[in-house]
Amino acid sequence: MLVASLGLLAGCDDAANDQQAEDETGTSGADSGELADLLESVESGESTLSISGAVTSTGEYTTADDPRYGGVSNDVFRPARGGGSSRSGSNADGPYAISIYTDATHEDDPDNVVRAWVTLVLPQGAEAGNRYQVAGFSDADDDQVQAHVRGDGMAWTFSRQVSGSVYLGEHSDRVGAAWQLEAADGRGEDASRVASEGAVKDLPLTLQSEVEYELTVNGETESRLARVTSRGSMLNIGHGVYLYLPSGATAGSYPVQAGRDDDSVRAQFTRHDVDEVDGELTLAANGERFDAEFSIDASGEDDVHLAGNLRWFALEDE
């Protein structure tokens, strides 16, 4: 009986340790049945999203093309965008974000149907088969999902007192996930609150235009991996550096210089005092988009060396 009792105690200790590990990490491969069932109920390529409380979803999505709003309007799985407390991700390594959209009304204006969405930013290294605890963007630990509920062009945001969980069923070049969460629009007890439940299955990864480079200024080097913003043939790669590619550029190598002509890339350094610019940018087609490798030297009051890669960017005629 003593041996049996010791075995029972050991089993209890193991269970307690397992629960403690789950509480500390916020992940679990077990106890995800309800969310897994919710995910299973969704057809491939589809999503479901319900919101209740201070905001009520209507059960349909008609505001995707509403002229009141701009930006992304359809379900998306992409590298996390950064900004504020949000994580920032890359195409290859994440962390990644999921945003799911629907129509909804707010209790303060119940006749006004608006666009609403839930955003979930997964932890770095998130793995399929795990359940992750949810917290607000500014409160989440590294192993928790950042989450909020927003709507009406960000006229209202429920990003405080966030709790719940996300089950990750698939996480590769497509994502499958189900969630249940609650959130408030303030810290106090009187804050308005919402609850959200939903799932998405087989949502493909949307790649971002991104740049990775090393920048050396007067002997001091720093590395950067970030999204690229563009307008026409102009690429903003950060640190005040702008690259202007030739109109109608195609795959090939181009000299880089301070001035602009039809056969070269103009490099502009707005945070550094330089007079001379010399380098090369090699452009390669990647489907309907481009990748590029570049190396640029600039000199003047500052000595600058910039070398790196651009990935998955588009060029449009101005």
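How much space lies in the second largest pocket? About 330 Å³. This is a predicted model, in which local features need pLDDT of at least 70, side-chain atom pairs count only at pLDDT 80 or more, and totals for chains, interfaces and linings use all residues. Residues are numbered from 1 along each chain as its sequence is written.

**Pockets**

A pocket is an open set of points on a 1 Å grid over the protein atoms alone, where a 1.4 Å probe fits, with protein on both sides within 12 Å along at least five of seven lines; lining residues have an atom within 4 Å of a point. Volume is the space filled by probe spheres set on the points.

The second largest pocket is lined by 19 residues, with L207, Q208, S209, V228 and R289 closest to its centre. β15 gives the largest share of this lining, three residues.

The largest pocket has a volume of about 600 Å³. Its lining has 28 residues; W117, T119, H148, R150 and M154 lie closest to the centre. β5 (96-106), β6 (109-121) and β8 (145-151) each give two or more residues to it.

The linings divide as follows. Nonpolar means Ala, Val, Leu, Ile, Met, Phe, Trp, Tyr, Cys and Pro; charged means Asp, Glu, Lys and Arg; the others, Gly among them, are polar.

| Pocket | Nonpolar | Polar | Charged |
|---|---|---|---|
| Largest | 10 residues | 12 residues | six residues |
| Second largest | seven residues | six residues | six residues |

**Chain**

The protein chain has two helices and 22 strands (DSSP runs: H or I, at least four residues; E, at least two). Of its 318 residues, 43% are buried (under 20% relative accessible area, 1.4 Å probe, protein chains only).

How values were computed. Heavy atoms only, no water. Buried < 20%, exposed > 50% of the residue type's maximum accessible area, 1.4 Å probe, protein only.
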